[in-house]
Amino acid sequence: MGRFVPFIKRLFSFAPKVRSLDGLHGLEKADALFHNLVAENKVPGLAVTIMAKGQVLWQKGYGQADLERKEPVDPRQTIFRIASISKCITGLALGKMMEEGLVELDTSFHRYVPYYPKNEHDFTLRQLASHTAGIRGYRGKEFALNQGFSIKDSIGIFQHDPLVFEPGKGYLYNSFDFVLLSLAMQEASGVPFQKYVREKVLIPLGMQSTFSPQEMDVGSSVIGSTAQFYTKSSLCFKKSMEVDNAYKLAGGGFLSTSNDIAQMGQAILEGKLLKKGTYEQILTTQMVNGKPTYYGLGFQVSRDANGREFVGHVGNSVGAYTNFFVYPKEEKVISILINCTDPKVQEQLDMAISSIVGDRT
């Protein structure tokens with residue numbers, strides 16, 4: 001305990017002062033809100049990139065990428081786990097495969113993965129990508145596995161479990177859908193999923209700081225730029241448990257910078273990479289029983305509290321919490337990456353985002 005107390009004091013002794021929000025609007029208010037997340041010890045660090053009309057409007061790091069080493073966050077250099085924003089990358093890759101004629105959305109999953117056990121009901125790639133296939137979600141500690149599964153090997157976790165509902169008749173958000181989707185994409189293309197994504201999505205979009213866990217090995221030159229991953233306790237931030245997200249790369253395994261993620265959003269706004277019709281398919285909410293799910297194919301498709309339309313994703317994983325939003329009408333892109341398991345700050349992030357999107361700068 002004697003050594004622990006100084007460590008706690010050291011972590012909090014460099015906390016900046018809380019800033020008043022009085023009289024602040026637009027980016028100034030958002031900046032203060034982001035600053036206060038660190039000042040109030042709600043997050044160890046975060047990287048923010050805001051784009052407007054094709055230009056970087058605001059880009060800043062707050063807090064620490066590594067608390068012990070006192071390494072500040074750099075929005076262009078610090079690499080975070082991006083959690084479920086990974087699904088957006090996968091959605092773009094799926095769109096590219098559709099255009100190349102490698103997959104068909106409404107074809108049975110078993111056409112591509114015939115060795116997967118058949119259930120009473122069949123399901124399609126569209127249903128997997130939209131969380132309407134009936135595949136179950138995590139149980140117990142499956143959220144934080146550290147077993148080095150390949151994508152193919154990992155299906156043993158859930159392949160013999162019954163469907164939660166008849167495909168197309170319900171909606172259940174989960175990451176196992178995207179494990180199966182990436183397996184089908186891998187089988188259809190004949191190349192490893194991460195290789196296809198790099199060649200068809202990351203390289204064309206200039207996302208040079210986006211990686212799979214497999215690429216973040218000990219010998220990698222980007223290790224020094226990777227944030228330390230934390231979980232918040234009642235007293236301080238502690239290093240998160242070790243996990244291996246390689247098997248669920250498609251649904252929550254990629255790592256990136258806020259700058260790269262914002263560039264992806266800008267590419268979506270400008271209609272790069274994919275054809276207009278393809279974007280319409282992946283960015284249109286799916287319907288279940290005549291009602292919208294507010295989810296497309298790898299993308300949340302909804303409206304914010306002020307009624308403004310957006311596409312993107314919120315993500316939460318071990319050592320990471322993320323927001324990625326593209327506002328087509330306002331022509332703005334917002335990328336926020338935090339190096340901490342769900343710190344319960346979405347309300348503050350929503351306030352900042354609302355202030356940014358409402359700002360006509």
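This is a friendly dialogue on reading some features of a predicted model.

Reader: What should I know about the model before I start?

Author: The model is predicted, so to speak of a local feature a pLDDT of at least 70 is needed, side-chain atom pairs count only at pLDDT 80 or more, and totals for chains, interfaces and linings use all residues. Residues are numbered from 1 along each chain as its sequence is written, and side-chain values use heavy atoms, with hydrogens and water left out.

Reader: Let us begin with helices. How many residues does helix 2 have, and what span is expected for them?

Author: Helices here are DSSP runs of H or I with at least four residues, strands are runs of E with at least two, and both are numbered from the N terminus. The expected span of a helix is 1.5 Å times one less than its number of residues. Helix 2 (residues 26-39) has 14 residues, and the expected span is 20 Å; the distance from its first C-alpha to its last is 20 Å, close to that value.

Reader: How many residues of helix 2 are buried?

Author: Buried means under 20% relative accessible area, exposed means over 50%, and partly exposed is in between, with a 1.4 Å probe and protein chains only. In helix 2, 12 of the 14 residues are buried, which leaves the helix mostly covered. Among them are Leu27, Leu33, Phe34 and Val38.

Reader: What do the buried residues of helix 2 pack against?

Author: Contact means heavy atoms within 4.5 Å. The partners are strand 1 (45-52), strand 2 (55-66), strand 13 (332-338) and helix 12 (346-358).

Reader: What follows helix 2?

Author: The general idea comes before the case: most residues other than glycine have a negative phi. Asn41 follows helix 2, and its phi is near 60°, a positive value in a residue other than glycine. Asn41 lies in the loop between helix 2 and strand 1 and is partly exposed, with a relative accessible area of 22%. Tyr294 also has a positive phi near 60°; this residue sits in the loop between strand 9 (291-292) and strand 10.

Reader: How does helix 10 read by the span rule?

Author: Helix 10 (residues 258-269) has 12 residues that should span 16 Å, and its end C-alpha atoms are 17 Å apart, which agrees. Of its 12 residues, 10 are buried, including Ile261, Met264 and Ile268. Gly271 follows the helix, with a positive phi near 70°.

Reader: Two loop residues caught my eye. Is Lys53 buried or exposed?

Author: Lys53 is exposed, because its relative accessible area is 59%. Lys53 is found in the loop between strand 1 and strand 2. The C-alpha atoms of Lys53 and Lys29, 24 residues apart along the chain, are separated by 20 Å.

Reader: And is Gln159 buried or exposed?

Author: Gln159 is buried, because its relative accessible area is 17%. This residue is in the loop between helix 6 (151-154) and helix 7 (176-189). Leaving aside neighbours within four places in sequence, Gln159 is in contact with Tyr116 and Pro117.

Reader: How many disulfides does the structure have?

Author: A disulfide is a pair of cysteine sulfur atoms within 2.5 Å. The whole structure has zero disulfides. For Cys236, the closest cysteine sulfur is in Cys340, 11 Å away, so a bond is ruled out by distance. Cys236 is buried, with a relative accessible area of 6%, and Cys88 is buried at 0%.

Reader: How do I read empty space in a model?

Author: Rolling a probe the size of a water molecule over the atoms shows where empty space is left. On a 1 Å grid over the protein atoms alone, a cavity is a set of points where a 1.4 Å probe fits but cannot get out, whereas a pocket is an open set with protein on both sides within 12 Å along at least five of seven lines; lining residues have an atom within 4 Å of a point. Points are joined across faces, edges and corners, and a volume is the space filled by probe spheres set on them.

Reader: How many cavities of 30 Å³ or more are there?

Author: There is one cavity of 30 Å³ or more. The largest cavity holds about 50 Å³, and its lining includes Tyr116, Arg136, Phe158 and Asp161.

Reader: What lines the second largest pocket?

Author: This pocket has a volume of about 360 Å³. Its lining has 16 residues, of which Ile268, Tyr279, Leu283, Val311 and Pro328 lie nearest its centre.
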